[in-house]
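Student: I am new to this structure and would love a close look at one part of it. Could you pick a single residue, walk me through its surroundings, and then show me how the rest of the chain is laid out?

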Amino acid sequence: MFKKLPSLPLLRTFEAAARNLSFKNAADELCVTPSAVSHQIKQLEAYLSVKLFLRHNRAIDLTPEGKLYFAEINSALWSIERATNKLCHAGQENSVNLNTFPFIATELLVPQLKRFKQQHPNIELKIGSTSQSLDFQNSNIDVAVRIGKGDWPGTVSEALVPVNLTPLCSPELLEQHDVRSFEDLLRQPLIHNAYLKSLWAILAKQNGFTYEVNAQDLWLDSIQSMIQAAEQGLGFTLMDVRCIPTRIKNKTLVAPFDVSLSSDEKVYLVYRENSGEAKGTEPTAGVKAVNDWIKSIFADL
């Protein structure tokens, strides 16, 4: 049984290189040299008699066989890690991996983290933040807070709040420019979400105007950077004010007009469909505690 298995170090190296599509980044992650990664990949390819990577001048890519192998190996390694974590934390109340967007972690969860730890000192809570798509199947994520339509396969999605985007800017920007109407606002520099490029155009159309491209506009790929750029007076951004309560309270960002863009997306609490010890069971005590904590935070917004 298991007669033709490559060594675990080779598989870990392959998984890191395939996930990063970079021998250098994989080497940094594994604390080895890029040449060591390259050598181990060649060892694995020789062992399997299969070419896993296409090597270009300054880049690598997976072969079709490599892509198939990566999907299986990635899932298998996560299963091993989950089993190991479960064994290592036996006797503890629970260990929970929570994932969310960076700005939600910073603005909403971390300020309330002390309360959670006081109420649940035996739960080991690990908070990770990423803007990438959810992947419960090939990761160790137990619970997530995401924005979307609640259609993540293999998960339970509970709507927390609808997304309503309001134009915001720094008080200094508002004082320096004569912005008396929404039409005036559209002439100012606008800060765009690089992944949701039409939001300002949709809001303009809802209010009877047409958005025109402005050379001063900024296009940023993270909500956190959009918030910070707006606070620095670099333009107007669109943000749900409930997700940044401290900044609204401290007036580092202000809403000049009672105008908002209603989205068909919502903020969701997401967790595995079968998150208990056995298939079909209820979520573990740790997952339940984290879920209740998150729900209480959003209920107070």
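Tutor: Happy to help; here is a look at Asp 142, followed by a tour of other parts of the chain. Please keep in mind that this is a predicted model.

Let us begin with the place of Asp 142. This residue sits in the loop that links β4 (123–129) to β5 (143–148). Is Asp 142 buried or exposed? Its relative accessibility is 16%, and because buried means under 20%, Asp 142 counts as buried.

What does Asp 142 touch, once residues up to four places away in sequence are not counted? The list is Ser 95, Val 96, Asn 97, Phe 136, Val 270, Tyr 271, Arg 272 and Val 287. One of these partners deserves a second look: a polar atom of the Asp 142 side chain lies 2.8 Å from the backbone nitrogen of Asn 97. Two of the names on that list also lead us onward. Tyr 271 and Arg 272, both touched by Asp 142, carry numbers that fall in β10 (261–272).

On the other side of β5 there is another loop, running to β6 (155–168), and Gly 150 is found there. With 27% relative accessibility, Gly 150 counts as partly exposed. Leaving aside neighbours within four places in sequence, Gly 150 is in contact with Ser 157 and Tyr 268. For a sense of distance, take Gly 150 and Arg 187: they are 37 residues apart in sequence, and their C-alpha atoms are 35 Å apart in space.

Val 287, another residue that Asp 142 touches, brings us to helix α12, which covers residues 285–299 and also holds Ala 289. Ala 289 is buried, with a relative accessible area of 6%. Its contacts, apart from neighbours within four places in sequence, are Phe 116, His 120 and Ile 123. You can also follow Ala 289 across the model: Ala 204 is 85 residues away along the chain, and 42 Å separates the two C-alpha atoms.

Now step back to see the whole. The protein has 12 helices and 10 strands. Its C-alpha atoms fill a box of roughly 75 × 50 × 30 Å along the principal axes. Of its 301 residues, 41% count as buried. Among contacts between residues at least 6 apart in sequence, 73% join residues at least 24 apart.

Next, let us visit some helices, starting with α1. This helix spans residues 8–20, 13 residues in total, and reaches 18 Å from its first C-alpha to its last, close to the 18 Å expected at 1.5 Å a residue. Its buried residues are Leu 10, Leu 11, Thr 13, Phe 14, Glu 15, Ala 16, Ala 17 and Ala 18. After α1 comes Leu 21, with a positive phi near 50°.

Further along are helix α2 (residues 23–30) and helix α3 (residues 34–48), whose axes come within 8 Å and cross at roughly 105°. Angles of 65 to 115 degrees count as roughly perpendicular, and α2 and α3 are therefore roughly perpendicular to each other. On the α2 side the contact is made by Phe 23, Lys 24, Ala 26 and Ala 27, and on the α3 side by Pro 34, Val 37, Ser 38 and Ile 41. Sorted by kind, the residues of this contact are six nonpolar, one polar and one charged.

Beyond α3, the loop leading to β1 (53–55) contains Ser 49. Ser 49 is not a glycine, yet its phi is positive, about 60°. At 66% relative accessibility, Ser 49 counts as exposed. Lys 251, in the loop between α11 and β10, also has a positive phi of about 60° without being a glycine. Lys 251 counts as exposed too, at 59% relative accessibility.

Finally, look at α5 and α10. Helix α5 is mostly covered, with six of its eight residues buried: Phe 103, Ile 104, Ala 105, Glu 107, Leu 108 and Leu 109. In helix α10 (residues 223–231), the buried residues are Gln 224, Met 226, Ile 227, Ala 229 and Ala 230. Their cover includes α5 (102–109), β7 (191–193), β8 (218–220), β9 (237–239) and α11 (245–249). Following α10 is Gly 233, which has a positive phi near 80°.

Technical notes: Residues numbered from 1 in each chain as written. Predicted model: local features only at pLDDT ≥ 70, side-chain atom pairs only at ≥ 80, totals over all residues. Heavy atoms only, no water. Helix = DSSP H or I, 4+ residues; strand = E, 2+ residues; numbered from the N terminus. Expected span 1.5 Å × (residues − 1). Buried < 20%, exposed > 50% of the residue type's maximum accessible area, 1.4 Å probe, protein only. Polar contact = N/O pair within 3.5 Å; in protein donor to acceptor, adjacent residues only side chain to side chain. Contact = heavy atoms within 4.5 Å. Axes fitted to C-alpha atoms, helices over the stretch in contact; angles between N-to-C directions. Parallel < 35°, antiparallel > 145°, perpendicular 65-115°, else oblique. Nonpolar A, V, L, I, M, F, W, Y, C, P; charged D, E, K, R; others polar.
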